[in-house]
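Let us take a walk through a protein together, one step at a time. Have the sequence and the 3D view open as you read.

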Amino acid sequence: MDLDVFVSAHRAEWDRLDALLRRRRRLDGAEVDELVALYQRTATHLSLIQSSAPDPQLTGWLSQLVARARSAVTGARRASWRDVTRFLGRSFPAAVYRARHWWVPTALVSTAVAILLGWWIGAHPEVQSSIAAPDQLRSLTRPGGEYETYYSSHPAASFAAQVWTNNAEAAALCLVLGVFLGLPVLLILFENMLNLGVGFGLMSSAGRLDTFLGLVLPHGLLELTAVFVAAGTGLRLGWTVIDPGPRTRRAALAEEGRAAVGMAIGLALVLFVSGAIEGFVTPSGLPTWARIGVGVVAELAFLTYVFVLGGRAVREGETGDLDAADRSSSVPTAA
């Protein structure tokens, strides 16, 4: 395609569209029809230029022009409580449900790794001695030691906020860094499982595994599930880079990326709940069975939310992506 000839042939239409968009007075019916027709034509022109003769300066200007025209044609829309309800009731659980083939295996494999690491550390004194000196290990695992006082070392509210911030950051990193073929996600997962395995192994070797589980399970069930969901979604995003399927790689990454951003917001809320449990329930004076019971109830509630509400939404066609009206316009591409 001769770009100069193409620009000469259609520049008048683009300038006319720009002029209509700059009008301060209300457009009449004929002008509105003309605006819609020019918007559709310019979007197609932009697609042709991008696919056949990309020019950065021209493409940038036309992209802005098409975006302005789309906003004028579709109208600006403000977020409302209806959007929040739709997100929490359909989009977020559907996105988590759709990613289940990634995060459920991630959860199973990661848990197995943590258990194996814990067994290896607990069964081998030489490994324990490489972690810390005997006096330090006793300080960690004894009754009233650092593993126990960790959860009550700060005021509950500030501790819960700190835990929530740290976990939300880890989940966000899993989602964002997944685009790098998922490799950073595997590193983050391993670090989390290593920390869990070390605590498991040291406390079991001291004969205090029941105390350790009583401290970890109340908040850990929901917290780790959120991390596994984030990691699984990040790995799926990384795989999309390798195999986008029938979609173009750009379209596939855009769709999965939008779902991942929504997932980050939803998981931040889930981690807020787990942080509150860790800050207020874990260090409380409740019996161990009651504390663990709170964690089990929270975990079952989340899984029910995902597999019942999310499953139903997916069967009704929900994908966890934005509404069609809120996505960037898709225009035909040249053959």
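What follows starts with how far to trust the model, then turns to packed helices and finally to salt bridges.

This is a predicted model, so a good habit is to begin with the confidence score, because where pLDDT is low, the predicted coordinates should not be read in detail. The mean pLDDT of this protein is 84, and 91% of its residues reach 70 or more. One stretch to treat with care is residues 324–335, where pLDDT stays under 50. The model still gives that stretch 19 contacts beyond four places in sequence.

Now look at how helices sit against each other. Two packed helices are described by the angle between their axes and the distance between the axes. Start with helix α10, residues 183–205, and helix α11, residues 209–242. Their axes come within 11 Å and cross at roughly 170 degrees. Because angles over 145 degrees count as roughly antiparallel, α10 is described as roughly antiparallel to α11. On the α10 side, the residues making this contact include V185, L189, M193, L196 and F200. Across from them, α11 contributes residues including F212, V216, L224, F228 and L235. What classes of residue make up the contact of α10 with α11? It has 15 nonpolar residues, four polar ones and no charged ones.

A second pair can be read in the same way. Helix α12 covers residues 249–281, and it packs with α13 at an angle of about 175 degrees, with the axes 11 Å apart. That angle makes α12 roughly antiparallel to α13. Here V270, I277 and V281 of α12 meet R291, V294, A298 and F302 of α13. Sorted by class, the residues of this contact are six nonpolar, no polar and one charged.

Next come the charged side chains. The structure holds 10 salt bridges, and three of them make a nice tour.

The first stop is the salt bridge between the side chains of D15 and R11, at 3.2 Å from N to O. Both residues lie in helix α1, residues 3–22. They are four residues apart, which is about one turn of the helix. Are these two buried or exposed? D15 is partly exposed, with a relative accessible area of 36%, and R11 is partly exposed too, at 37%.

The second stop is in helix α7, residues 134–141. D135 and R138 are three residues apart there, so about one helical turn separates them. Their side chains meet in a salt bridge at 2.2 Å, N to O. D135 counts as exposed at 55% relative accessibility, while R138 counts as partly exposed at 48%. Elsewhere, salt bridges that share partners join R86, R90, E316 and E318 into one network.

Two members of that network give us the last stop: the side chains of E318 and R90 meet in a salt bridge at 3.6 Å, N to O. This pair links distant parts of the chain, with the two residues 228 residues apart. E318 lies in the segment after α13 (288–315), whereas R90 belongs to helix α4, residues 81–98. Why is E318 called buried? Its relative accessible area is 8%, and buried means under 20%. R90, at 29% relative accessibility, counts as partly exposed.

Notes:
Residues are numbered from 1 along each chain as its sequence is written. This is a predicted model: local features need pLDDT of at least 70, side-chain atom pairs count only at pLDDT 80 or more; totals for chains, interfaces and linings use all residues. Side-chain values use heavy atoms; hydrogens and water are left out. pLDDT is the predictor's confidence in each residue, from 0 to 100. Contact means heavy atoms within 4.5 Å. A salt bridge is a side-chain nitrogen of Lys or Arg within 4 Å of a carboxyl oxygen of Asp or Glu. Buried means under 20% relative accessible area, exposed over 50%, partly exposed in between (1.4 Å probe, protein chains only). Axes are lines fitted to C-alpha atoms, for helices over the stretch in contact, and angles run from 0 to 180 degrees between N-to-C directions. Angles under 35 degrees count as roughly parallel, over 145 as roughly antiparallel, 65 to 115 as roughly perpendicular and the rest as oblique. Ala, Val, Leu, Ile, Met, Phe, Trp, Tyr, Cys and Pro count as nonpolar, Asp, Glu, Lys and Arg as charged, and the others, Gly among them, as polar.
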